[in-house]
Amino acid sequence: MPPPKDVVKIAIQMVGAIPQLIELQQVLPDTPRAPSPPHPRSWLPSRWQTKPLASVLKDVCDAWSLPNAECYALQYVDGRQTYITESVRYPWPLPSPASTVLASSPVPFSLQNRGEIKNGSILRLTTSPDQEAERLYSGIQSNNLDVKTDSLKKLASLSQDVTFAQEFINRNGLKQIFYIVEEGNATGEMLAHTLKAFMELMEHDFVSWETLSAAFIKKVVSYVNMNAVDASVQQLSLSILENMVPTSRFLFELVKKEVTLDRLLTHLQVTNTQLQLKAMALLIALLLAATDAERRDMMDYLREKNIRQFIHKNIIHSSEPLGDEMAHYLYVLQTVSLNLCERRMRTSMDPYSQEQRELLQSLRQTAFESESEAPASNFSTERRRSLCAKEFRKLGFMNNSNPAEDLRRSPPGLLALDNMVYFSRHTPSAYGRFVLENSSREDKHECPFARSSIQLTLILCEILHIGEPCSETAQAFYPMFFGQDHFFEELFCICIQLVNKTWKEMRATQEDFDKVLQVVREQITRTLSLKPTSLELFKTRVNALNYSEILKLRQTERLHQEETLAVPVLELRQRLKPELLELIRQQRLLHLCEGTLFRKISSRRRQDKLWYCRLSPNHKVLHYGDVEEGVHSPPIESLPEKIPVADMKVLLVGKECPHTKEKSSGKQNKDVLELAFSIVYDVEEYCLNFIAPTRYEFCLWTDGLNVLLGKEMTSERMQTDLDVLLSMELKLRLLDLENISIPDTPPPIPKPPSNLNFCYNFSHTEQ
């Protein structure tokens, strides 16, 4: 008879003793559900236990003849080695505000992870969290440097556990950590362990960052600004400041004042990639927390200091491969920089602004007025107005009598005017050639410079996502952005000449304007997808992708996508579909067996913690667990957590996931919602939550999990794969029928003959 589902068999170890094998009853039937506690990976239901954990510990201690069972606790051997706890309401009496910087109001908190214990788990009997917290609290105050260093090292490790962290904070442990840092005697390894412990304790959000003392903050800032400091200390100090910046305006201004941009640029030039990463993280945090005016001033200063040159040389073209975190920060820096154009993009032209009218007139003067001509002031007002209108028409303005009307459209607003002026001033020969060349053409074949510039500016804003908020997960940056000052304007100069070139290749007229700009958009998009490393390389590739090449690419794609609609072919398609769907199912399961590296993301900041999940080769168990940075394919034995496929109940995606509902109070991030999915498993309906690294991984994992659940695959990637496989299979099957038309209907069945005399009457007599 199989054991009940609410009973798990576990092993308990202790140093120097024979392990114990016990059965632990987990859930009392027909008991009400208690509130769900927070958990780093999922929302796990909390229930009253049949046998209190204290009684279980007493039985274990009695078996080993250990007194004082209340001084012990159970802890996982593998993984994060967290303590086993059950639902307990901690009133958490915090010390008075006069003696510490902790928040003054008690924060009750419920901790429970006993329900997570699975069959076959291995636990360790160890000192209880409160005893360990008391021991380490005394140890970090020791006068013996070796004892103090070891205690801080152990504290940094154990502080990852929420139960221990609460016990340590409840003993006013943070105040002692502040004292060690503010005192200034700790250096090297001891200081690194102290800062690491502080980071881990603050990670649990028990204490507000706004309550930190000024002395502590200034000491951390000094480690960033000093040269003769251990690199690990500087990395931790930068991480602490990065976490402080978004929490309050006061802390942002303090860090911005104390840590100069010049100092961060110095850190970006070092060869230590981790130090570069932390410096870039702090820089990004400062930019995102700044107001629009402050962000503009900071970016202007960074531009003066050639930050792009530093990044291009020391990060992008470094000998070390670019990690995901750094790629994300470069994406954010690129987005923040490009979004500085948003204000001009959303500002319409004011016809009464003298400055804007002068910019508009400068376009006409650069193109048509020269020293040899008589100045326009010698003409009468009417003649001068007529001449200006004619010249604005040649420039390609639709409203030549009042060209400012063409720039009232927002977007692209004044950004289009800025681009045209930049083109005329920085490449005057190309500008004059564009305008004069089209002025001499027949009216119906001239390419309107101004109209093209306005539309091209809008296209570039859409392609580069100007005005859109930063994604929490995106990593798509353009290397050439960091190799060129005035990137947007220089890109426009290349693309406006591309418009003229494509216009001539298409032999376009005014009626073809939208078609030409659609081709230009495709040329730009296809070239950017190749990630050219410089604008020169972009220019070479985009000019090589002429109109005839675009037509060839479109034709090739059309041939790949087109399917004949003949009824026999559609019937063949339906017959092939089940076989190919099974092939896709096998591919999805194989991908789940290979596994994927997932990243944890919190609502407060982008996390650098990773975990891995993979399916067992027999497709019966899902294995997962935390991994270190740089581990790409850990063996299945190293993943301690397990979920039997038989216990999986349902797959949730998007807004249905509990970890996206957790963030509902803040700003929802569209990208995270599109990549989120959860597995509901076991009778208690636990959840394992995922945020896929890419949309491709999201599709493969949701398809594979649906296959395990016996449901249909629903992702768009499944439909794409099915279409590709069906297209290939149909073409192979119909290869012999090439150039033979397939009728829509089968040939008609002929009528029965009028007589059957042609049939031979076989008789037995002939035998």
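Cys-61 is buried, its relative accessible area being 0%. The model in which this value was computed is a predicted one. Cys-61 takes part in no disulfide, and the nearest cysteine sulfur, which belongs to Cys-71, lies 9.0 Å away. A disulfide requires two cysteine sulfur atoms within 2.5 Å, and the structure as a whole holds 0 disulfides. Cys-470, with a relative accessibility of 24%, counts as partly exposed, because the partly exposed class lies between the limits of 20% and 50%.

Two open sheets are described next. One of them has 4 strands in the order β2-β1-β6-β3, and its pairing is mixed. At its edges stand β2, residues 20-25, and β3, residues 72-76, each of which pairs on one side only. With direction ignored, neighbouring strands of this sheet are turned against each other by 40° on average. The edge strand β3 is joined to β6, residues 122-127, through 5 bridges in the antiparallel sense. Within this part of the sheet, Leu-74 stands opposite Leu-125 of β6.

Helix α1, spanning residues 53-63, packs on this sheet. The strands touched by α1 are β1 (7-13), β2, β3 and β6. The direction of the helix makes an angle of about 95° with that of β3.

The other open sheet consists of 3 strands, ordered β11-β12-β13, with antiparallel pairing. Its edges are formed by β11 (648-653) and β13 (686-691); each has a single partner strand, so one side of each is left without a neighbour in the sheet. From one strand to the next, the twist averages 20°.

Between β12, which covers residues 676-681, and β13, the antiparallel pairing extends over 6 bridges. Tyr-681 has Tyr-686 of β13 as its bridge partner. Helix α28, made up of residues 695-708, lies across β11, β12 and β13. Relative to β11, the helix runs at about 155°.

In summary, the sheet with mixed pairing carries helix α1 packed on it, and the antiparallel sheet has helix α28 lying across its strands β11, β12 and β13. As for the cysteines, Cys-61 is buried, whereas Cys-470 is partly exposed.

Methods:
Residues numbered from 1 in each chain as written. Predicted model: local features only at pLDDT ≥ 70, side-chain atom pairs only at ≥ 80, totals over all residues. Heavy atoms only, no water. Buried < 20%, exposed > 50% of the residue type's maximum accessible area, 1.4 Å probe, protein only. Pairing = 2+ DSSP bridges. Axes fitted to C-alpha atoms, helices over the stretch in contact; angles between N-to-C directions. Contact = heavy atoms within 4.5 Å.
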